[in-house]
Amino acid sequence: MTENEVLPLKDAKTIPDIIHTYSSDLKKGLVPIVIDNGSYNCRAGWGNQKRPCLVFKNLVAKTRKERGKKDGELQVGNDITNIEAVRFQLKSQFDRNVPIHMEVQEQVFDYIFSHLGIDTEGRVDHPIMLTEAFLNPNYCRHAMSELLFECYGVPGVAYGVDALFSYHCSNEENLKKSQSGLVISLGYQTMHIIPIIDGQVDIAHARRINVGGFHVTSYMHRLLQLKYPVHFNAITLSRSEELVHDYSFVPAEYRSVLKQWAEPDYYDRNVVRIQLPYTVVATVPTLNAEQQKERRKELAKRLVEINARKRDERLAEDEEMLNQLLEVQDLMNSGKEKQFKKSISSMDIGSEAELVKQIGNLQSRIQKTKQKIAAANVSEDVIVTEEPKLKIPKQTALRLRDGEDAESWLARLRKDRVQLLEKRAARHQKRQDMAKRRTVAAQERMRIISELARKDNKKDDNFGMRDEDWDVYKAIRRDGGDSDSEEEQERLVEIEEVLRQNDPTFVEGSSAALSSGDFSPANPGEAHQLHVGVEKLRAPEILFQPGMIGIEEAGLAETIAYVLKMYSPEDQNKLVSNIFLTGGCAHLPGLKERLECELREIRPFQSEFHIGMSRDPSLSAWIGACEFARQPNFKTDILISKEDYAEKGGEYLKEHKASNIYNASPASLTQPQLGPLEDTEMEIF
């Protein structure tokens with residue numbers, strides 16, 4: 001990116017997923033379906049593949065129903081091509097990172113199974129490997145198992161933690177050397193610090209931070225909308241997310257880098273200029289005298305045609321009404337009194353005299369209309385083409401001077417108008433300079449204020465008693481000591497009105513913006529640009545300082561330090577020797593270097609540590625789950641069968657090295673235990 005380069009927004013639209021082929025090998029082999037059910041993206045595919053078939057945002061949108069339809073259209077994942085158009089209809093199955101809305105989860109499963117091509121009606125004959133949150137509540141697992149077994153009839157379900165799948169997938173070499181490590185999962189809604197000691201997850205010392213990629217995007221969105229309130233609607237969450245993904249970074253030393261942004265040169269070199277979409281307003285071309293004459297001819301001819309059409313329509317209506325009244329009068333003359341009275345009552349006519357009066361008025365009006373049409377037909381080809389006379393105002397200041405011709409007079413008015421606009425522009429620029437800190441005008445103002453404040457003799461302070469003090473007061477005012485004069489505004493309006501009536505080259509609207517203080521740049525797109533500067537590092541900084549957005553929790557580095565303090569020095573060395581980063585936020589540039597700086601401050605002097613990262617932090621959880629699904633002991637030691645579900649309940653979990661720890665819920669929470677007396681009472685009632 002070069003200096004002063006303006007970058008466009010991608011505004012990428014999603015492409016709807018295709019329905020994949022359900023081959024006979026997949027059908028007969030009962031290949032497991034692996035689903036990484038993330039709160040941002042969902043990844044689904046077959047366990048014998050290297051990459052998922054489906055990657056989509058884990059969202060459901062139900063649009064408003066249209067006329068003639070019983071219900072609105074349901075869109076899932078990549079079917080939502082324009083997410084901002086249905087932003088308020090979006091639904092998610094997650095509360096933070098825990099799925100609780102099973103009706104939405106069912107719609108997501110329908111989308112996955114249908115797009116994988118599964119055509120078995122009423123059931124899915126493949127085991128499911130599903131990721132879940134760290135320390136997922138038993139209630140959520142119970143609801144998920146019930147949905148898969150009861151609704152889809154799957155033969156088995158296996159659960160595992162996404163961060164641990166990623167850890168075991170990417171750290172096989174490290175695991176051979178050390179069975180201990182510290183997993184840092186940087187998710188969309190939350191972050192987890194998970195210690196592993198000698199191959200066992202220590203859940204008692206694990207910690208969760210309720211900040212993630214969603215909060216980074218929301219903070220970027222809020223910062224830009226506050227900075228550019230005029231583009232409030234154009235700065236959407238999707239565009240803020242694009243800016244975070246493409247331009248945000250985590251600085252190694254936040255405060256020192258923040259100070260550098262205060263320097264103008266550094267700001268100009270590193271600011272990112274983003275062009276928002278805008279519509280170019282076509283300017284009205286200036287017409288010469290000959291073009292103005294032709295235009296007047298066309299307008300006059302069009303006006304004549306409009307008037308002739310209106311007269312013809314009016315004449316036809318009057319003649320039709322006259323014929324109706326004459327028919328009613330014939331009824332009276334022929335002696336049909338009943339029909340006559342019925343007709344005049346339907347036409348709101350009170351008596352025969354009123355009928356005769358209306359007939360006379362209509363005949364007179366028809367005669368006049370025919371005379372106008374005849375006169376117009378005689379002169380329809382004669383259009384006035386002579387030059388219009390000058391409309392000279394009554395004000396003496398704007399009237400023609402002695403011996404002054406029309407061209408000189410208009411040239412003088414144009415010059416006066418330009419001078420008034422230049423004076424107004426100069427005042428506006430001075431006010432802007434006063435508002436900025438580093439301009440010469442603002443520095444001079446502060447110098448004068450400081451001199452007035454340093455006066456030693458405070459008792460004899462008589463500032464304002466002399467006429468010269470008024471000049472000092474005007475010099476230190478925010479508006480630069482000069483304001484827009486009402487007399488100048490009135491004179492400007494009068495000049496423009498005269499030019500509008502007499503000057504065919506006058507461009508309408510050029511001074512309206514200047515008179516209101518809105519000085520548009522020469523390049524119209526410049527007014528629709530976002531200068532993303534310090535926001536690039538402020539938004540991701542909330543991962544380390546959640547207090548910036550009002551969340552009263554410790555940041556990532558402080559939480560890591562807190563977790564390490566709960567271990568002995570030997571175990572601390574084991575943990576920091578194998579720190580592993582995973583999750584979508586791990587893509588942020590500079591995050592690994594920032595953690596190295598923070599750990600260098602946390603750890604003892606000259607102590608060693610190692611920070612590793614997955615090759616693809618977003619995809620490694622799905623790849624790790626596939627590796628577990630391909631293990632020989634998958635069906636016996638990892639998969640929960642239908643028999644296990646029926647016997648041990650929906651919350652049951654088979655433990656493995658990438659799973660949560662299973663703790664059965666107390667019996668009082670799952671099934672009430674009745675004593676002998678209660679059992680007898682139940683039988684009686």
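Visitor: Where does Asp 198 lie?
Guide: This is a predicted model. Strand β13 covers residues 191-197 and β14 covers 200-201. Asp 198 lies in the loop between β13 and β14.

Visitor: What is the phi of Asp 198?
Guide: Asp 198 is not a glycine. Even so, its phi is positive. The value is about 55°.

Visitor: Is Asp 198 buried or exposed?
Guide: The relative accessible area of Asp 198 is 51%. Exposed means over 50%. Therefore Asp 198 counts as exposed.

Visitor: Which loop holds Leu 30?
Guide: Leu 30 has a positive phi of about 50°, although it is not a glycine. Helix α1 covers 24-29 and β2 covers 33-37. Leu 30 lies in the loop between α1 and β2.

Visitor: Is Leu 30 exposed or partly exposed?
Guide: Leu 30 has a relative accessibility of 38%. Partly exposed lies between the limits of 20% and 50%. So Leu 30 counts as partly exposed.

Visitor: How many residues of β2 are buried?
Guide: Strand β2 is mostly covered. Ile 33, Ile 35 and Asn 37 are buried on one side. Val 34 and Asp 36 are buried on the other. The count for β2 is five of its five residues.

Visitor: Why do the side chains of a strand fall on two sides?
Guide: In a regular strand, one side chain after another switches face, because they alternate between the two faces of the sheet. In β2, Ile 33, Ile 35 and Asn 37 are on one side. On the other side are Val 34 and Asp 36.

Visitor: Which residue in β3 stands opposite Val 34?
Guide: β2 pairs with strand β3, residues 41-46, in the antiparallel sense over five bridges. The two strands form a hairpin with three residues between them. Opposite Val 34 in β3 stands Gly 45.

Visitor: What is the bridge partner of Ile 33 in β10?
Guide: β2 is also joined to strand β10, residues 128-132. These two strands run parallel, with three bridges. In β10, the partner of Ile 33 is Ile 128.

Visitor: How many salt bridges are there?
Guide: A salt bridge needs a side-chain nitrogen of Lys or Arg within 4 Å of a carboxyl oxygen of Asp or Glu. One of them joins Lys 10 and Asp 246 at 3.3 Å, N to O. The count by this rule is 16.

Visitor: How many residues apart in sequence are the parts tied together by Lys 10 and Asp 246?
Guide: The side chains of Lys 10 and Asp 246 meet in a salt bridge. Lys 10 lies in the loop between β1 (6-8) and α1, and Asp 246 lies in helix α7 (residues 237-247), so the pair ties together parts 236 residues apart.

Visitor: Is Lys 10 exposed or buried?
Guide: Its partner Asp 246 is partly exposed, at 35% relative accessibility. For Lys 10 the relative accessibility is 59%. Over 50% means exposed. So Lys 10 counts as exposed.

Visitor: Which helix holds Asp 416?
Guide: Arg 491 and Asp 416 meet through their side chains in a salt bridge of 3.3 Å, N to O. The pair links distant parts of the chain, 75 residues apart. Arg 491 is in helix α16, residues 486-502. Asp 416 is in helix α13, residues 406-435.

Visitor: Is Asp 416 buried or exposed?
Guide: Arg 491 is partly exposed, with a relative accessible area of 29%. For Asp 416 the figure is 17%. Buried means under 20%, and so Asp 416 is buried.

Visitor: What separates the C-alpha atoms of Arg 417 and Glu 496?
Guide: The side chains of Arg 417 and Glu 496 meet in a salt bridge. Arg 417 is in helix α13 and Glu 496 in helix α16, 79 residues apart. Both residues are buried. Their C-alpha atoms are separated by 7.6 Å.

Visitor: Which residues gather in a patch of negative charge?
Guide: This patch is on the surface. One of its members, Glu 313, is found in helix α10, residues 289-333. Glu 313 is partly exposed, at 46% relative accessibility. The patch gathers Asp 312, Glu 313, Glu 317 and Glu 320.

Conventions: Residues are numbered from 1 along each chain as its sequence is written. This is a predicted model: local features need pLDDT of at least 70, side-chain atom pairs count only at pLDDT 80 or more; totals for chains, interfaces and linings use all residues. Side-chain values use heavy atoms; hydrogens and water are left out. Patches are made of residues with over 30% relative accessible area and no salt bridge: like charges are joined within 9 Å, nonpolar side chains (Val, Leu, Ile, Met, Phe, Trp, Tyr) within 5 Å. Accessible areas come from the Shrake-Rupley method with a 1.4 Å probe; for residues, only the protein chains shown count as cover. Lys and Arg count as positive and Asp and Glu as negative; His and the chain ends are not counted. The place of a charge is taken as NZ of Lys, CZ of Arg, CG of Asp or CD of Glu. Helices (H or I, at least four residues) and strands (E, at least two) are DSSP runs, numbered from the N terminus. Buried means under 20% relative accessible area, exposed over 50%, partly exposed in between (1.4 Å probe, protein chains only). Two strands pair if DSSP finds at least two bridges between them.
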